[in-house]
Amino acid sequence: PLTEYDLQKILSLEKDSVGIYLSDNPLKRFLPLYETGKYTLASKLSDAQDDSKVKVFGFIDSMKMTSTKQLREMAYVLVEDVSGTIDTIFFPKQFEAYKSQLIGGYVVEIEGTISKKDDESVQVICNTASFPNPETLAEKFQKLYIRFENTDDAVYNKVISVLRNSC
C-alpha cells in the first residue's frame, strides 16, 4: 500500500522541484518569534544602514564554499526567512567555528553586520551564529488565553503577577 508523505517531505519536494513552498511555509510556526521585533526580516534589510548591526533568523537554504587569497576556507550562505532570502558571508574565522552546522535545512540565528555594495545588494557578514533547536523555539512561543469574568478580582491580579514574573 502507498503511504502519504508527511508535510516536511512534501515541502522539501515542492522546494526542490518548483523552487517555492506551495502547501505551507515551514517558518510559519516561528511567526511569534519574528513578531518580537528581535530579528530584521530579509524584506527590511535594504532599509538598514551599511555597517549597522542586525540579527536574522531562518533556515539555511544553501551554502557555497570558497577560498580567500590566503587559501583559507569561507562560505556564502543563503538563509531563508518568512519574507525572503538573506545573503550571508562566513569569513574564515566564523566558517571554521560553525562549518559543521552549516547544513541545508538547519535553523540559524545570525548576528552580523550589514554590507551594502554599490549595486545596492545587501549582505550580512556573520559575527556570531547559533543553531537553536526548532522544536524548543516553537514551544517557547505558544500562546495561552485565559478568560476572567472580572479584572478587579484578587485571583486575576495574582495570575497576572505570576505570569509577569515567569516570562
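Colleague: Is Thr-113 buried or exposed in this model, and what is its relative accessible area?
Modeller: The structure is a predicted model, in which local features need pLDDT of at least 70 and side-chain atom pairs count only at pLDDT 80 or more, while totals for chains, interfaces and linings use all residues. Residues are numbered from 1 along each chain as its sequence is written, and side-chain values use heavy atoms, with hydrogens and water left out. Relative accessible area, taken with a 1.4 Å probe on protein chains only, is called buried under 20%, exposed over 50% and partly exposed in between. Thr-113 therefore counts as buried, its relative accessible area being 11%.

Colleague: Which residues make polar contacts with the side chain of Thr-113 through their own side chains?
Modeller: Thr-113 belongs to strand S4, residues 107-116, where strands (E, at least two residues) and helices (H or I, at least four) are DSSP runs numbered from the N terminus. A polar contact is a pair of N or O atoms within 3.5 Å, of which, within protein, one must be able to donate a hydrogen and the other to accept it, and residues adjacent in sequence count only if both atoms are side-chain atoms. Among the residues that Thr-113 touches (heavy atoms within 4.5 Å), leaving aside those up to four places away in sequence, are Asp-51, Ser-52 and Val-124. The polar contacts of its side chain, each at 3.1 Å, are with Lys-53 and with Asn-127.

Colleague: How far apart are the closest N and O atoms in the salt bridge of Asp-61 with Lys-15?
Modeller: A salt bridge here is a side-chain nitrogen of Lys or Arg within 4 Å of a carboxyl oxygen of Asp or Glu, and by this rule the count comes to six. For Asp-61 and Lys-15, the closest N and O atoms are separated by 3.8 Å.

Colleague: Why does that pair tie together distant parts of the chain, and how many residues apart are they?
Modeller: In the salt bridge just described, Asp-61 pairs with Lys-15. Because Asp-61 lies in strand S1 and Lys-15 in helix H1, the parts that the pair ties together are, in sequence, 46 residues apart.

Colleague: What is the relative accessibility of Glu-80, which also pairs with Lys-15?
Modeller: The side chains of Lys-15 and Glu-80 meet in a salt bridge of 3.2 Å from N to O. This pair links helix H1, which holds Lys-15, to strand S2 (residues 73-81), which holds Glu-80, the two being 65 residues apart. Glu-80 is classed as buried because its relative accessibility is 10%.

Colleague: Which residues do salt bridges with shared partners join into one network?
Modeller: The side chains of Lys-55 and Glu-111 meet in a salt bridge at 3.6 Å, N to O, and this pair links strand S1 with strand S4 across 56 residues. Glu-111 is partly exposed, with a relative accessible area of 37%. The network formed through shared partners consists of Lys-15, Asp-61 and Glu-80.

Colleague: What is the phi of Asp-51, and what is the phi of Leu-71?
Modeller: Asp-51 sits in the loop between helix H2 (31-35) and S1 and is exposed at 59% relative accessible area. Leu-71 is placed in the loop between S1 and S2 and is exposed at 72%. Neither Asp-51 nor Leu-71 is a glycine, although phi is positive in each, at about 70° for Asp-51 and, for Leu-71, near 60°.
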